[in-house]
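User: I would like to go through the labels attached to this structure and hear the reasoning behind each one.

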Amino acid sequence: MIAPGVRQPSHAPGHAFPVFLGILVIGGMLVAWAFLAASPLGNESLSTPLPTIRPESVRSLAYVVPGRERDYLYVRSADGGSPRILDSFPTVSFANLHARGAAAPTADRIAVLSVADPGKASAQMTLVDLNGVGRQVPGVAFDYLSPLAWSADGQLVAGVISQPASDGPGSGADVLVVNASTGEAAVAAHFDNVFQVAPVGYSLDRERLFVVAIDQSGSVLWAIRNGKTQKVAVLSTGRTRDWNLSPDGSRLAFVDIVPAGERRYAGRTLLIATGAVTDSASTGNELGPAWMPGAQVPVFGGPGGSVRLNPPSTEGAYVVPASWAPDGTMLVATIYSASSDHSAPADESLELVTSTSRVRLADEPGVRFLGWVHNIE
């Protein structure tokens, strides 16, 4: 809800921002990886049912528009109409600590991390339903930049809180799991001497939580089950980023940060059942892997990615996909355009893209997409 006496940010309906029509083109990388589609699905039986969600009922977007005093959580229909404010959160705007989060795969609730105290590096989690009712998770702090991973049934959401390591380089990190129905939280596992820990998703049966841990040896995928950790596969001997677990939990797409050479960001995919890592067909820099509905291979954005605007709107512009709508007809993506002043950072805009149009979600900079949710009246 909106705090009394707080000025709402200037934010017009999405139809007020029509821009140059464009379409997305998916390159030949899918063909190069076609053999993967015939591979076993990995960690789950093919008979394991996915949550029943009618794709046509999930055509609304949840996103945060940052402000000076409060950040606002909006939901708007992709089919038009005015955005609706669900909730607002405190912000530390001078430190750029704005609200962020992730919508559940069930499309009915959103986990939001926000920082109220600039003297603390930790964030409070609030679970918000589509009626705008928010419930804080009491007594639990998360890293502000913690990735959030939901179980497929929308009952569990995992995050991370860092702490000083007992010895050695890096720090310690606890993986915390919150029950979205009760708001109760528990430590699922602890990692020591790590540079980063990131929950990336659950197996479909909710038995295993997959976590990437980065330390001196590189990037490793772990599975947490019943309080025990098991090494699944080595992703890289270096750092990785942009992890995205496939909807069926069988594959993990990610970006390998290459320490030398012209290609610094390489798209790769792990087949969890075998531990095999496959490189993409691109030789350029790739970012932001995403899974098209029903696909067995991911696509990557970035300057060398297979997701591109056609026709290109600006020389040097590139796309970093965030998420396709469940029916596969729309994509939310960040469009990066080369600045006219080459000494300045590239311009960016968060847009809803279809085969015939591009719509900017808001004029304010720093808008964050949180996920697709059910249509609301």
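Analyst: What follows takes the labels in turn, for a model that is predicted.

User: How do you know how far the predictor trusts this model, and which stretches fall below 50?

Analyst: The mean pLDDT of the protein is 85, and 82% of its residues reach 70 or more. The scale runs from 0 to 100. Residues 12-23 have a pLDDT below 50, and beyond near neighbours in sequence this stretch has 34 contacts in the model. Residues 28-48 also have a pLDDT below 50, with 47 contacts counted in the model in that way.

User: What makes β4 and β29 edge strands?

Analyst: Each of them pairs on one side only: β4 covers 84-90 and β29 covers 368-373. They belong to an open sheet of 4 strands in the order β4-β3-β2-β29, with antiparallel pairing. From one strand to the next, the twist averages 20°.

User: Why are β3 and β4 called a pair?

Analyst: Pairing requires at least two bridges between the strands. β3, residues 70-77, is joined to β4 by 6 bridges, so the criterion is met, and the two run antiparallel. One of the contacts across this pair is V75, whose bridge partner in β4 is R84.

User: Which strands form the open sheet that contains β15, and what makes two of them its edges?

Analyst: The order is β14-β15-β16-β17, again 4 strands with antiparallel pairing. β14 (196-202) and β17 (228-236) are the edges, each pairing on one side only. The twist here averages 25° from one strand to the next. Between β14 and β15 (residues 209-215) there are 6 bridges, and the strands run antiparallel. P199 has V211 in β15 as its bridge partner.

User: How do you know that β18 and β19 pair, and what lies between them?

Analyst: Strand β18, residues 240-245, and strand β19, residues 251-257, share 4 bridges in the antiparallel sense. The threshold is at least two, so they count as paired. R241 stands opposite V255 in β19. The hairpin has 5 residues between the strands, and G249 takes a positive phi near 75° there.

User: What makes the phi of A107 worth a remark, and is the residue buried or exposed?

Analyst: Most residues other than glycine have a negative phi. A107 has a positive value, near 65°, and is not glycine. Its place is the loop between β5 (100-103) and β6 (109-114). Buried means under 20% relative accessible area. A107 has 2%, so the residue is buried.

User: Why is R206 called partly exposed, and where does the residue lie?

Analyst: The partly exposed range lies between under 20% and over 50%. R206 has a relative accessible area of 35%, so the label fits. R206 lies in the loop between β14 and β15. Phi of R206 is near 70°, a positive value in a residue other than glycine.

User: What makes the contact of R206 with D153 a salt bridge?

Analyst: The cut-off is a side-chain nitrogen of Lys or Arg within 4 Å of a carboxyl oxygen of Asp or Glu. R206 and D153 come to 3.0 Å, N to O, so the pair qualifies. The two are 53 residues apart, with D153 in the loop between β10 (149-150) and β11 (156-163). D153 counts as partly exposed at 33% relative accessibility.

User: How many salt bridges does a search of the whole structure find, and what makes D327 and R59 one of them?

Analyst: The search finds 12 salt bridges. D327 and R59 meet at 2.6 Å, N to O, which is within 4 Å, so the pair counts. D327 sits in the loop between β25 (318-324) and β26 (331-337), and R59 in the loop between α1 (29-32) and β2 (60-65), so the bridge ties together parts 268 residues apart in sequence. D327 is partly exposed at 28%, whereas R59 counts as buried at 17%.

User: Why is the bridge of R263 and E286 said to tie parts together, and which network includes both?

Analyst: The side chains of R263 and E286 meet at 2.7 Å, N to O. R263 lies in the loop between β19 and β20 (265-271) and E286 in the loop between β21 (276-279) and β22 (287-290), so parts 23 residues apart in sequence are tied together. R263 and E286 are both buried. Salt bridges with shared partners join D256, R263, R268, D279 and E286 into one network.

Notes: Residues numbered from 1 in each chain as written. Predicted model: local features only at pLDDT ≥ 70, side-chain atom pairs only at ≥ 80, totals over all residues. Heavy atoms only, no water. Axes fitted to C-alpha atoms, helices over the stretch in contact; angles between N-to-C directions. Buried < 20%, exposed > 50% of the residue type's maximum accessible area, 1.4 Å probe, protein only. Contact = heavy atoms within 4.5 Å.
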